[in-house]
Structures are given as structure tokens and as C-alpha cells.
Amino acid sequence: MDTQDPAAPYRTDPRPTTSPDPARTDTGTGTGSDTGTDDVVVLDGVSKRFGSFTAVDRADFTIERGEFFAMLGPSGCGKTTTLKMIAGFEQPSGGRVLLEGVDVSRTPPYKRNVNTVFQQYALFPHMTVAENVAFGPRSKKVPKAEYVERVTDMLEVVRLSDFAHRRPNQLSGGQQQRVALARALVNYPSALLLDEPLAALDLKLREAMQFELKRIQREVGITFVFVTHDQGEALTMSDRIAVMNEGRVEQIGTPEDIYHRPATLFVASFIGTANLLPGALAGRDGDELIVRLESGDTVRAVGSNTSAGVGSHADGSPVSVMLRPERLRVIPAPGTGADRAVEPGGAAPGRSVSGTVDDLVFQGASARLSLRLADGTDVIANVGTDADLPFLRPGDPVAVTWQPGAAYLLAGRPPRPGASTTDVDQVEAAL
Amino acid sequence: MSAPTTTRGKVARWALNVYAALGLAYLFVPIAWIVMFSFNEPRGNYNIVWQRFTLDNWRDPFSDEGLTDAFVRSLQIAAISTSVAVVLGSMIAIGLARYSFRGSGPLNFLLVLPLTTPEIVIGSSLAALFLDWDVTRGFTTVVIAHIMFQVSFVALTVRARVRGFDWTLEQAAQDLGATPFRTFWTVTFPLILPGILAAALLSFALSIDDFIITLFNAGSLSTFPIYIDGSFRVRFPPQVNVLATTILVFSVAMMAIGLLWGLRDRRRNR
């Protein structure tokens, strides 16, 4: 027996739910600040420099109580350094870290009420599971009767009660992970910090643990802050995501925001697959902006006020239009005669681009269509596998269209025009 | 491996066995000889010609007072010097493994130096220093001399263990609210203890065993090896064999314990 079934119904455990927010019942270490703010962690202009290298550049954000917050970015973007500054393993070179409203920038880790789940778990190999979990309360001089009960409860929450007297090396990776979780959560931290918590697990277990983490978080009601380079993980699990790149926070928002309304070209290309078509601003029409693409098509796009201030840009300034593959539908190019595939009414003006079919890969429910625009830009569309698709052959002229609002405007020219993907799972699946 | 079938293969195998037997004999015959002669009833002052089997020597291992004194003194010296060297050496090892600082490279080199320098050089230069400073050579100077080479030895042995130490365990402990003091005693120390014990056993043996450095710095003091060397000129009592065999049995027992310990550890880690 290895892991629990992730689809198992959520238990209604009487104990943790009687105190829905254990942090507030904490007598040992709580700062009792729940009278004040719901901001558990505040980063106030936090920077970290190593010599001449800036790992984190003026990070500003607030993590609220009970949130599942992700810091997402490629390796070296500063997300782990940020986490270490919250935990206390690194001290900021500038700015302040506030925990429950108190400046802890210079407080050593053992005096901060946050706990970390390390990437490789860092379980104490010479202690049993129960001893590992009891380590925190014992360090804080919690009376024996109390910590024994807390350890028992927490092992139940992570479903490891039967393994209390095993040693970490007698457990599977997923079980070790849950010991690490229990060991951290038993301290009722203000926030639980998780450093790439799923990276050491294999793919299947990783998916199961995503559910497990969410379940545990719901059950204990503690703020989770986790660091990941896997956008799929971040999108699935988080309430809010901070996308980081080269030490800067590019955007903070809900998974939906970040996916559909990216603030920068980096966010657009890092999250999911995005077609980024370069062009120039050519005018406005109500809420929509007119863009003349380098491929020759003229399209309409929307841009939020937050999308790098596109609205204030002058005509002619370089912009990019983002199109998500799943929001595109295929239509035959005008004048080819294959009218059967044309939707009723055809494509509205400014809501299509045309090119030639490059490749078509059947994927079951959908097909992945690659087409090449006139300027050589590649566009990927995930299209429904209806009866007309088999008629498409490489080289056929074709067009894709979209609903109003699906084309999103971003300032600047993409470093690499066309379809971008950083979907690790897709790359893995292809290998 | 299947048994060789060709004649040539058989000859080669036979030759290999003979070679191995000779090698082992070369290593163990002198030791066996010492053990055997602890059961000899000597005639005259020298216990070097086999007479007949007796347990008398074992019944009375401390009959030679000078030898017993020297033996006890050696144990005292080893106990004191090992205790000091283990603490100092372990601290050096942890410091070197954990922090990289300016000068940690040269320091590594300096650590190896006492082990590679000929004992005669260390012994004579220390003696010259003590003479120059008008320090009377005796028990204290021997302890100081032993600590000197033991520290290097302990530091290198412990460092080998500490090198594989996962320092995130210390971070984890601090993260869970343990002070640096508690972190060391509950996490770091228990995990490197096997390395420290191994270093202690080995440096204890080095101290008991040391002759050259000790001779230079002992003054009129007589340790176990020095006493044996001195007595050999006039006599060779069987108690030498008895005490030497005792040390041997003790060492082998320690090694066995260490081995079993390691096996248990490995089984547990499976």
C-alpha cells in the first residue's frame, strides 16, 4: 500500500473542524494579532542581492489568511530566495518582511511562526515519524501531554497514524512528503511555506498529492505559500499566483487573471500555450483596439488597463496580440470553396487570421492544428475534431477565428513571435 | 564464478591461493606469535623460546610493577589526549565542512601535514621547543604531543562523515523552532556521532601505540611502548604478551561492534 486514493471523499474529522482556524487557538507562539489584519505575510519592497547579482528586486505583495498562494517562475527567477526570506534563512538586502503585522526582517528562523516543507523533505533520519512531527512542539517547550495529542491528530490529518513508529527511510516518497507536512503543520504556523513540494515525486503521485495538499489545506485552514516552476501545478492549486521572472514580480492574480489577462509578454508565454502575434497599434474602436499584424491581417483586440498601459500608447507603437489555442476555431480560407466548414455568418471582420496548414495532430477530443501566417509566424489552434478536419492537408489555405474578447493585447514585441509553450507535461508526454 | 576447467586455470587458481595464504601469514604470524607466547612458561628473563603451556601469566597479568605502571599511564594519556582531540578535531571538521571561508583551502592542507610529516621530525622539533622553553618533559608534554597529531586525525575522519551531511536538516530544525544549540545536540551531533566515535577509537589506539614522538617528549616518563622497548634489553616478561593480547582483543572487539553497528544501520536504511 502506498498512497491514499485522492478521490476518496473528504473526511469530516471532528477534531480539526471544531477549531476551523487552529492558528487562532495556538497559545504557545501566536502573536494574537488576529484582532488586527488578515494580511499574514507582507513583502514591502523586498530585495535580495548576492554580490552584484540581484536575486529579488523590490518584491511587493501581500498574502492573506487562509490563502493558497503560489510563487511561480522559471528557475533562477528569485522565487525560492523570496521564500527563504519569509522563512528567515536569508535576510533581505532591502525592504521589510512582515509576519502578522510584525517586521521580522532580522528575526532568526527559530523565532518566526512560519514552517517550511523542504524540497527533499529534510526529515530527521534518526527519528521516527512521530518524533519528527513532535520536534517542533518539543523545541517550543509544549507540555508532553499536549504535544502527544497534537502529533496524533496531525498524523491522522495526513493519514499516517499507522506509520508513527517507522523511520523516514522506511516510507515511500509520498509518505515522506506527508510526514514533512505534518511536522510543519503541527506547529500551527501563521503560514506554511512549501519549496517545490511535488518536484521530488513521480508524475502520477504528483497529481495525487495536488489533491491531497488542497484537502489538507482546507482541513487545517492555514495559509499555504508554495514555490513552483510548474505552471500546471500553480494553476490547479492556487487561489492566487505571483509570477516571477529575473527577480521581479511580473504579475499577481488569480489563475484565471493570469491565464486570460496576463500583464506582460513574459506571463503570457510562460503560462500555458500562447500565440503571440507581433504588430503595431493602428487605432481604437470603442473598447477594442485595432492592430495591424506583421502577417498583414488587421485584427481587433482587447486590453485591460493593467496590461502594461497599452491604452496609453500612441498609434504605431509595437504591440502583441495573444491568442490562446483553445479559443480558436478553424474556417477554410475565403474563396476556397470548402464552405461547409464556414460557421453561420462566417468570421466577423478583425476576428480571424489566415495562413496555410503546417501540421494537424489528432489528439482525441481535439486536434492540434499548426498553421503558418504570411510572415512565417506559427500559430497553434486546438480545434474540435469534427468531420471537416480530415479534409485539411498540409499546404491548404485556412483561417482561424475567435469570439470577441479572445484576442488580448500586450505592449511590446514578443522575443519569439508565434506559438510559445512552456508546458512541461506536454514536453514530457512527447518524449 | 565457475571453477576453472583448464589445467592452466587450475594452476593459476592454486597459485593465487598460495599467494593469499602467504600474504595473510605475513600479516598475522607475528600477532599470533605474541598471543601464543602469553601462554608460555618462560625460562630465564626472555620469553622467546617455547617451553610449555601455562595460564600463570594470565592469572597474574600485573605482576611486573613497572610494566603495569607504564600500561596504566598509557591508558591515562590516551584517555585525556583523545578526549581533547575529539572535541577540537570535531569542531574543526564541522567548521570546515559547513562554511567555506578565506583560508579554508590552506587549512585543509595544514590538517594533513602532521599526518604526513615523519614522526621523528614532529617528535624532535616538539622536544626542542620544550627544551627551549624550559618545560620539564613528562606526562603533560606527552599529552600535548599526542593531542597534536590526534587533532588532525580526528578532523579528517570526522570530516569524511560530515561531508555527506545534509545541512538542510539543520535548517529544518531551526525552522521548527530549535535554537542553534538545540539544533546541534538533537540533530547534527547524533547524526555525526558514528564518525566521532570511529575517530575516537582510532586516535585512542594511535596514542597507546605511539613510540617515536612519545620517546622524544616523555623525559623520564615511561609509557607502555617505551617500557617494553627498555625492558627488552635486559628481559622480556610474559606479561608484555598478556597485556598486548588484551589490547588486541579489545581492538578486535571494538571493530566487531563497529561492524555490527554499521550492518544494523544499513538494514534500517534499506
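1. How many residues of chain B are in contact with chain A? In this predicted model, 20 residues of chain B are in contact with 25 residues of chain A, where contact means heavy atoms within 4.5 Å.

2. Some conventions come before the details. Residues are numbered from 1 along each chain as its sequence is written, while chains are lettered from A and ligands numbered from 1 in the order in which they are written. Local features need pLDDT of at least 70, side-chain atom pairs count only at pLDDT 80 or more, and totals for chains, interfaces and linings use all residues; side-chain values use heavy atoms, with hydrogens and water left out.

3. On confidence, the predictor gives the complex an ipTM of 0.75 and a pTM of 0.76. Chain B has a mean pLDDT of 87, with 96% of its residues at 70 or more; pLDDT is the predictor's confidence in each residue, from 0 to 100. Among the elements of chain B, the highest mean pLDDT belongs to H7(B) (94) and the lowest to H11(B) (80).

4. The two chains bury about 1,900 Å² between them, 61% of it on carbon and sulfur atoms. Buried area is the accessible area (1.4 Å probe) that two parts lose on being put together, summed over both. On the chain B side, helix H7 (168-175), helix H8 (180-209) and helix H11 (238-269) each supply at least two of the residues that touch chain A. Helices here are DSSP runs (H or I, at least four residues) and strands likewise (E, at least two), numbered from the N terminus. H7(B) gives the most to this side, with 7 residues.

5. Which salt bridges are found? Across the interface of chain B and chain A the rule finds 0, whereas the whole structure has 23 over all chains. A salt bridge is a side-chain nitrogen of Lys or Arg within 4 Å of a carboxyl oxygen of Asp or Glu. The side chains of A:Asp38 and A:Arg65 form one (3.2 Å, N to O). A:Asp38 lies in the loop between helix H1 (14-18) and strand E1 (39-50) of chain A, and A:Arg65 in the loop between strand E2 (53-64) and E3, so the pair ties together parts 27 residues apart in sequence.

6. Aromatic pairs number 15 over all chains. Rings of Phe, Tyr and Trp (its six-membered ring) pair if their centres lie within 6.5 Å; planes under 30 degrees apart count as stacked, over 60 as edge-to-face and the rest as tilted. The ring centres of A:Phe68 and A:Phe226 are 5.3 Å apart and their planes at 80 degrees, so this pair is edge-to-face.
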